[in-house]
Number of protein chains: 4
Amino acid sequence: MKKVAIIGASGYSGEELVRLLLAHPQAELTAVTSRQYAGQTVGQIFPKFANHPRAQSLRFTEPKAELLAKAAEIVFLALPHGVAAEFAVPLLQLGCQVIDLSADFRVKDAAVYKEFYAHDHPAPELLLQSVYGLPELYRSQIKNASLIASPGCYPTSILLPIIPLLKTGLIKPAGIIADALTGVSGAGRKAELDYLFVECNESVRPYGIPKHRHLSEIEQELSLAAGEAVTIQFTPHLIPINRGILATLYLAPVKHFDASGVEELAQKISGCYQQAYGKEPFVRLLEGKALPDTKNVEGTNVIEIAWRLDPRTGRLVVMSAEDNLVKGASGQAVQSMNILCGFPETAGLL
Amino acid sequence: MKKVAIIGASGYSGEELVRLLLAHPQAELTAVTSRQYAGQTVGQIFPKFANHPRAQSLRFTEPKAELLAKAAEIVFLALPHGVAAEFAVPLLQLGCQVIDLSADFRVKDAAVYKEFYAHDHPAPELLLQSVYGLPELYRSQIKNASLIASPGCYPTSILLPIIPLLKTGLIKPAGIIADALTGVSGAGRKAELDYLFVECNESVRPYGIPKHRHLSEIEQELSLAAGEAVTIQFTPHLIPINRGILATLYLAPVKHFDASGVEELAQKISGCYQQAYGKEPFVRLLEGKALPDTKNVEGTNVIEIAWRLDPRTGRLVVMSAEDNLVKGASGQAVQSMNILCGFPETAGLL
Amino acid sequence: MKKVAIIGASGYSGEELVRLLLAHPQAELTAVTSRQYAGQTVGQIFPKFANHPRAQSLRFTEPKAELLAKAAEIVFLALPHGVAAEFAVPLLQLGCQVIDLSADFRVKDAAVYKEFYAHDHPAPELLLQSVYGLPELYRSQIKNASLIASPGCYPTSILLPIIPLLKTGLIKPAGIIADALTGVSGAGRKAELDYLFVECNESVRPYGIPKHRHLSEIEQELSLAAGEAVTIQFTPHLIPINRGILATLYLAPVKHFDASGVEELAQKISGCYQQAYGKEPFVRLLEGKALPDTKNVEGTNVIEIAWRLDPRTGRLVVMSAEDNLVKGASGQAVQSMNILCGFPETAGLL
Amino acid sequence: MKKVAIIGASGYSGEELVRLLLAHPQAELTAVTSRQYAGQTVGQIFPKFANHPRAQSLRFTEPKAELLAKAAEIVFLALPHGVAAEFAVPLLQLGCQVIDLSADFRVKDAAVYKEFYAHDHPAPELLLQSVYGLPELYRSQIKNASLIASPGCYPTSILLPIIPLLKTGLIKPAGIIADALTGVSGAGRKAELDYLFVECNESVRPYGIPKHRHLSEIEQELSLAAGEAVTIQFTPHLIPINRGILATLYLAPVKHFDASGVEELAQKISGCYQQAYGKEPFVRLLEGKALPDTKNVEGTNVIEIAWRLDPRTGRLVVMSAEDNLVKGASGQAVQSMNILCGFPETAGLL
């Protein structure tokens, strides 16, 4: 059993990490921290886990790097950006492997980080060391990483469907549009009026446009895949579901096509996705008339992908669905942990 | 008091028409039809109106054109496409004015109708006579119409934001994308598994792509505004709210702009919208940081519009919100009735 | 036009008052206060009213009794308990009529107030002067009141169904149970974790048992109706809807009955309710198989009541549904205003 | 690996059984039937399981007892009442063990069955053979059963909290009231207007009163526990959540108590529950201020129980929460299977 700890376990991602790690067959959750809940057991704060023996005995503590490094080999950071880096530095020095769910180590360029997050990067020297924790893309690097920057929920839902198409040159890198819908847990467990039940129920609204923070990591990874600078249009919306992201991606195939050319292009796209994800345990390529639906991925580490060619407009529309707290956050982090530790990649995730 | 009737009053649009017409200061609802509910009072079928005296006495009847023509001067058709035309023909012959909420008379070209609705148009001779009932665009024609084809919910949410920009030549007619989200009442009151609470709650999913029926009227009206054939990309999604449509529109300004040119272009767009809608009682142009939110238009005949220029991508993103059953259906039909009858346009709609 | 003002207009009840008073044919909203929003227009804070001309010009101000007394003849208090009394005292001295939506003047006994609200009553000298603003019960006193204590949402849903039965001696005053379900707006517009979308959606939970504050006014009024001290069991639950209260009341008929006696007793109960509410514009006595449903009263000032006799248990089960923000708060306050001003009781409420 | 099959796997309980059995470490799902979906794979019909290898190969078949008896040792029936018995008879004759999720074998008295279900019992000779599958009560009988009648969702939520109190004589058998709230999945996957999203969202309503079918098994089991005939008041309500039941139970302690006697009685009740459920893996006795909440049991086989003594009324109020599809249906059935097969009782349920 690998000993693992979570710093900042009181938010929705932290809670989901607790759920996954309590049930993980090869990991032992030895420490969880929360300034607010220090001294209370996991079962007291999260009644839904109260029947688990470990949740009855494990108590939240103040976050102290030295103690955590003694308690665990792998430490998950479920903290706000800026704060996460403060813990990553000492934990790495103390020999822990760190899986960070914040944005702190996702963007490789400290200047871009500052542009999007409005403060200097707290530990720029670690940026090159960190690995972007998208297993379907960076599996081999994750295997040997000391610091994993686990991707955000929106980036996962956008990158996984687009990158294979860019890499194989099937679509143009310019003009990409990502229209995305997120459940309210994506806003975090924060006592703010905007996220009250009454303000979200029977409501749907765009927000954070046109320059959402997640653009920094999305465009970084798309640019790497395309081999050139990629700038995209990204419009997030808040919808009244607890969990889930649905992304609709508008793409332009490199090869112009009309009704007669649809089939040929469709085969290429299908082949591209099969090649990229045909054997991936957590990517579900939908077939026939099926389209992604967040309810079909709720609570799972799966991302659903479907696509349609539209001969009327010459566009390729790709759609994806994931659980923002699992494949979009904590499940993906556990998937990286499995790779890091040499466990079966699906351990604790099926 | 103008005598009015509704054929097919048992669906969600029909019910909303009943609500609006019962409360209308200058209209008297004299007949409602429903094969299923014939013989029962409006108050029995719609308990929420049961305290209204008219709802206690008015009974649903079988739909018979002769009787309706005696009972009312204006007849609303809240029927499925194909069926609506069957009633429009005799009602017009009997001298009624007809406001049709179905798609039957929206598309001017019977061939396009057949392409999108998969059957021959049932009364092609009426197509030229009918007026597309979007008051902000066709107010003067509505005034003298005998047959008004009231627009669908998606078309309203897309046409009102885009048409002024096309007419003034601020955006390119090519490459338009409309990504739209609808509440479940948009699917109608139909006993189908897909629209059960459990299938829709905690779910969001695209559907009907890439060639939704509403494209026919959307493209017809955009083409008229642009003065050339317009083909758009349209992706509807179903989200778990009762009422509301949120449309996010991706547009390309004719004039290329970067960060330095944003302000100048912004003034033009602002001026264009002010000119088009500054005095419209049911169009709310949002200012400052405000963005559309379906909860702010629920139960009202208002459409909210906001827009952002993105100097990173060179695009204009326009967003709109409306209540699909009011401005997207029954409220708009009543607005047309007000114009037709010379009532204040806001009568019964504030 | 009667000039009216609202102190504390930024919560959900305040917002609903704004909605009703903006649309009221005989009232003119001349002042609204909110410390938080002072200086901004009603349309800026509540976009859903932004198309109303008054909402575009009327600005929130700091709450100052002198200014309000100059601006309005009638002042609504939509404030927390304890705070409301502080404003009622000077406003009454300045000659205003006050309609208080808080609990401050509902309980006649200052000792009971202290027992349930845990602080001394701030203005006990006004308790006898105030009238409990339940129009169906206290219409004649409301007509001449200077200070109206408008009832809470739970009390309205419980008192209206029970009081006629107690007054006519059809049920026993002992052993009454009220099991009630409320929408989340009942918790107010407060930035607290418990009322976040994610914490309320897919959740139902009891709270505040066994001694909820509303018991004080419920038991006061039931005791007055029964002519003896009444103590009831009251269990509120929070359910994921925006608006609405559903109360299920378990009552014991004085006369024992079995299957053979059901019809006779049923006629008495039916007669009792017809006598009490047959002509009330806002009480809907359901017939046949109909049962109350919050969606049928949403946005209206109506309370629905239905009942069933159970010969198996010898009990009478009465159910009611209301919109907690309308008949349970602001609509009822406007109903009282209508009575106070000699307007038609339904003015602005249909 | 024990071979198991499900007849009627296309409803919500059937789907939940599929979920649990696909993931069960000691069971192999060898057959699933559905007339409607015969020929299609489990993954095609339930996309959420599509990544599971078994779901990709296992196809729905027509329900034929002979084939099922060859394919499986244990057969789950997830069928409507009346239909279930028709399959139980031949399956038992062919040597299968049967776990029936319908009501067909829960009520021991065929006359009571007829009274509540309005048709003759289809296989009365099996009634004595069947075991009521509530593991916390009938664990030893389940161990050797051939036919297990797995309890309904409401009965589980009511019986588990009440029976220990009745058995120890702490409460009176007379006058029990059960007020219960259910999520919409409790209505089954049926294409009926009443369960459309729009009809359930923003709605709460009682239904099926005063004589709901589940009363037959509830009163049977309460009577057995009390040693005398028990008749209860039961009021179910439909609320807009997918899953979950919240029951609020009004009980009368045998010993009269007031404020001074609360503590003594509380200790007895606490002791009673500890004795009954202190070691049960799926009963969570809440402590301190905690109250049941359906979101804390969603997707789990746990029932939460809390209680309060009210010295004002002399009553004991007990509240429980469970997932209607898990502890209220399929999870409980798997728990019985575990007992039957000698597996750890929590296998596949944690």
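Guide: Buried area is the accessible area (1.4 Å probe) that two parts lose on being put together, summed over both. This is a predicted model, where local features need pLDDT (the predictor's confidence in each residue, from 0 to 100) of at least 70, side-chain atom pairs count only at pLDDT 80 or more, and totals for chains, interfaces and linings use all residues. Residues are numbered from 1 along each chain as written, chains are lettered from A and ligands numbered from 1 in written order, and side-chain values use heavy atoms, without hydrogens and water.

Visitor: What ipTM does the predictor give the complex?
Guide: For chain A, the mean pLDDT is 96, and 100% of its residues reach 70 or more. For the complex, the predictor reports a pTM of 0.97 together with an ipTM of 0.96.

Visitor: How much area do chain B and chain A bury between them?
Guide: Each side brings 47 residues to the contact (heavy atoms within 4.5 Å), from chain B and from chain A. On the side of chain B, Glu202(B), Val204(B) and Arg312(B) supply 19% of the area buried against chain A, more than any other three residues. Carbon and sulfur atoms account for 56% of the total between the two chains, which is about 3,900 Å².

Visitor: Which residue of chain A does Arg312(B) meet in a salt bridge?
Guide: Between chain B and chain A the count is 6 salt bridges (a side-chain nitrogen of Lys or Arg within 4 Å of a carboxyl oxygen of Asp or Glu). In one of them, at 2.3 Å from N to O, the side chain of Arg312(B) meets that of Glu219(A).

Visitor: Which strands of chain B stand at the edges of the sheet?
Guide: In chain B, 7 strands (DSSP runs of E, at least two residues, numbered from the N terminus) form an open sheet of mixed pairing (at least two DSSP bridges between two strands), in the order 9-10-8-11-14-13-12. An edge strand has a single partner strand, so one side of each is left without a neighbour in the sheet, and this holds for strand 9 and strand 12 (283–285) of chain B.

Visitor: Which residue stands opposite Glu304(B)?
Guide: Strand 13 and strand 14 of chain B pair in the antiparallel sense over 7 bridges. Opposite Glu304(B), in strand 14 of chain B, stands Ala321(B).

Visitor: How many salt bridges does the rule find between chain C and chain B?
Guide: This contact takes 15 residues from chain C and 15 residues from chain B, and the area buried is about 1,100 Å², of which carbon and sulfur atoms give 40%. Lys48(C), Asn51(C) and Arg284(C) supply 46% of what chain C buries against chain B, more than any other three residues. Across this interface of chain C and chain B, the number of salt bridges found is 0.

Methods: Helix = DSSP H or I, 4+ residues; strand = E, 2+ residues; numbered from the N terminus.
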